[in-house]
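Here's a quick tour of one chain, going from its cysteines to its sheet and its aromatic rings. Have the structure open and follow along.

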Amino acid sequence: MKHWNDSRISYRFVLPFEFYFQMAISRVSLRRLSCLRPSISRSCRNINTPRITQTQCLSSQTSLRLIHNSSRAHQASKPKPADQAQNKKAIIGQQLREEWSRYNEFPQASKLHDFQVGRRVTVHGFLSRKRVTSSKLVFADIQVGNGGPTIQVVSQWESEGSPEHILNQELRAISLHSPVSVEGNVESIEASTSQLGDVPSHVSIQLNRIQPLNAFPKDIIVSKGVQFPPSARHLQIRYSDPLRSRLLARHKIGSHLRKSLDGLGFTEVETPILFKSTPEGAREFLVPTRRSGLAYALPQSPQQYKQILMSSGIRGYYQLARCFRDEDLRADRQPEFTQLDLEMSFATGKDVMATVETIVRDLLKALNAEYRLAVKDGELYPVPKNTPPSRDTELYDMRWPDDQPYSPWSGELLKEIPRYTYEEVMSRYGVDKPDLRIPFEIMQVQSLLPRSFVSMISDIKDPIVDAFVFSPNHPDTDQGVKPAAEFMDKFMRNLPIALAKNPDGAPVALMFDSKKPLSGLSPLGFDGVDALMAAGEAAEKNLVEGESVEKNPFAKFANLEDGDVLVFQARQNKPFEGGSTALGTFRTLLYQEAVSAGFLSDNPEFRFLWVVDFPMFTPDNETDPGQGGQAGFSATHHPFTAPLTDADVELLATDPLKARADHYDLVVNGVELGGGSRRIHVAKMQEYVMREILKMTDKGVAEFSHLLEALRAGCPPHAGFALGFDRLCAVLTLTNSVRDVIAFPKSMKGEDLTVKSPGKITSEQLETYHLAFPSKKKN
Ligand code: ASP
């Protein structure tokens, strides 16, 4: 390996006359070359003068060195133009080769145990900071990676021309952010204690050698908190500690989940990405082939393969699986995403839920053991416990709630994740993925309200009227309820159109104010106010002593305080369907806005719950393709989900929209972390649901023949689940956006702005794949 000091000499020389002449005619080049000055040394006057052309002056110190090496031939005779071109090529070739080998060859980095005071060590990293304390003393920081120690390099010199002086100049000449290899003697070490034992957290080394491993261009400006465009995602990852830390935590979360499933006897099996189009439920991406008329489809999930695996005798399957869905992209959705997908044979839904609780609990335990919370510029994110403190980051202890799940295998019953039915969450929270931190619950109050009020808020005959009471925190000012009233006013004026223009009637918000007639609730009339108060008192009487009003939200009506807001919303009197009611959406939005405006305190808890017993089918809508059957409804989860009880099997034939399924979702803080179900494992039943209930066409059913065949071959009962891995990582690393845990996320338009995909199809590709654009309609 070439030693850096051997090659260093070659670019220290006196600039020739031609150089000054040519620079005089090119101000631009002169500016570029000014950065070379520190490396010019008097010690090499006897080196032959190079001949430099303008084009050759474009680069760095290296280019000068290379040009110099090849200068003799130029001086001997004036070459012809053809030779000149040839020479130029040769020079550039040599220049590249030398630069390459200078950047390419570097010593190995020292191991953790080599870091001892007095020892010589080598570290690699980015030159992240330089402090020139005096002409004779420079400190520099080397960023060695997340969780690694902070490396401080000290470079000091006494006498002009000494090796230390030269090193000092070399360090100064390297631009910030360049990757470097540094060798030095360890001067001091600060250690911090972690579960790995004492590890160095801050190391100071005296510089013995420094080698740039590439250059960092001047046109990239790095400032504090800089936001790079998506095309420079590599820079965003490099310079955003929260983003980089989350990506590293994502990897750890994945490996912990794998480890616990391995421990439970599961096997990871990869399933194909080139699948085929089937009416499973979501819109798919097609992959055309060179065989005319044939296309693959990317899997919306490995659902069908994992069920076939159950018939293959695999007892427990899992996979960190990439899934693809061509859906409308909402803020937290990506067209391609990752699931921790699993399936168990000879198992019921309850077994699967218990397993999921176990792996989630193990994961949270591991996070508690390994991670703590960092706060940088107000952003919270987890970092490994051995991360050393730094100037601009504060570190805190944090606890992920690992005592909620329970372990069915060890018999150790901790606290079970609470289970709510779909009916219950829809009526109490108005959404099938409730955020249990929201302090106000929905009540059905139509029987308490005067007709006049009900007909004022809705045109529906005999509607259900949902209501809740929101108690905003009041800032400690003498303005009383005014700030909260202004907040509510603004909130109501900015409601999303779907809520403000709801055909069932707009939401109505009334603020309790003891200074006003009927305490501000006059639209309810005396009767309405009386009825609500009476219901409140009755509820209060029924509360066990010491229980909070949250146990029975009606009790709040007997305890209204100034500034409390009563919100009413009418809806059709029919069974719940879909993911939320209008008041459910309103309530979640109000909570989020109230927290960000300081009218409710932020609650850092993680509140997990299971939502179970979903309706087996959901009426068709315009956005989800469903199974394409003629029944007017589609499977809520997917068409392979089993009915919950015998009574639900009966309902399939008589009133399918009332049938419930053995389908369960895991939810935390309003985020659906994943979902699963017990499957129909008997081929005849599966075919009956597809053909007779969903009324799929013969062709549609035939698309599932592989699955029906697998079920027919004595497939055991089975059930499974898929954990949305991106969402899980986002929640656990304390961000609202899955983009913060994906290295290369897609934009809201489904584009990868880093590599600029999707790309335009060329006419050659159209031909290769036997595709054509539909001809434009003539007007
Ligand atoms: N395949 C389902 C999904 O992607 C999950 C499951 O039922 O296991 O939602």
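## Cysteines and disulfides

A disulfide here is a pair of cysteine sulfur atoms within 2.5 Å. By that cut-off, the structure holds 0 disulfides. Bear in mind that this is a predicted model.

Two cysteines are worth a look anyway. C715 has a relative accessible area of 6%, so this residue is buried. C729 is at 0% relative accessibility and therefore counts as buried too.

## How far to trust the model

Mean pLDDT for the protein comes out at 86, with 86% of the residues reaching 70 or more. Two stretches need more care. Over residues 1–76, pLDDT stays under 50, and the model has 101 contacts beyond four places in sequence for them. Residues 405–414 also stay under 50 in pLDDT, with 26 contacts beyond four places in sequence.

Where pLDDT is low, the predicted coordinates shouldn't be read in detail. Keep that in mind when you look at the contacts of residues 1–76 and of residues 405–414.

## The mixed sheet

Now for the sheet. It's an open one, with 8 strands in the order 6-9-10-24-23-22-19-14 and mixed pairing. Strand 6 and strand 14 (419–421) are the edge strands, each pairing on one side only.

Strand 9 (residues 316–324) is mostly covered, with 7 of its 9 residues buried. What joins strand 6 (residues 267–268) to strand 9? The link is made of 2 bridges, and these strands run parallel. T267 stands opposite Y317 in strand 9, while E268 has Y318 as its bridge partner there. Toward strand 10 (residues 336–345), strand 9 is joined by 9 bridges, and here the strands run antiparallel. One spot to find on screen is F324, which stands opposite E336 in strand 10.

## Aromatic pairs

On to the rings. A pair of aromatic rings is described by the distance of the centres and the angle of the planes. The count comes to 18 aromatic pairs. One of them is W610 with F721, an edge-to-face pair at 5.7 Å centre to centre and 75 degrees between the planes. This pair links distant parts of the chain: W610 sits in strand 19 (residues 608–612) and F721 in strand 24 (residues 718–724), 111 residues apart. Are these two rings buried or exposed? W610 is at 0% relative accessibility, so this residue counts as buried. F721, at 1%, counts as buried as well.

F617 and F633 make a tilted pair, with 5.0 Å centre to centre and 45 degrees between the planes. F617 lies in strand 20 (residues 617–619) and F633 in strand 21 (residues 633–635), so the pair ties together parts that are 16 residues apart in sequence. With a relative accessible area of 3%, F617 is buried, and F633 counts as buried at 8% relative accessibility.

## A ring cluster and a charge over a ring

Which residues do ring pairs link into a cluster? The members are F440, F468, F470, F487, F491, F586 and F599. Try selecting them together to see how the rings sit.

Last stop: a lysine and a tryptophan. K136 lies over the face of W157, at 5.0 Å from the ring centre.

Methods. Residues numbered from 1 in each chain as written. Predicted model: local features only at pLDDT ≥ 70, side-chain atom pairs only at ≥ 80, totals over all residues. Heavy atoms only, no water. Phe/Tyr/Trp six-rings, centres within 6.5 Å; stacked < 30°, edge-to-face > 60°. Helix = DSSP H or I, 4+ residues; strand = E, 2+ residues; numbered from the N terminus. Buried < 20%, exposed > 50% of the residue type's maximum accessible area, 1.4 Å probe, protein only. Lys NZ or Arg CZ within 6 Å of the ring centre and 35° of its normal. Pairing = 2+ DSSP bridges. pLDDT = per-residue confidence, 0-100. Contact = heavy atoms within 4.5 Å.
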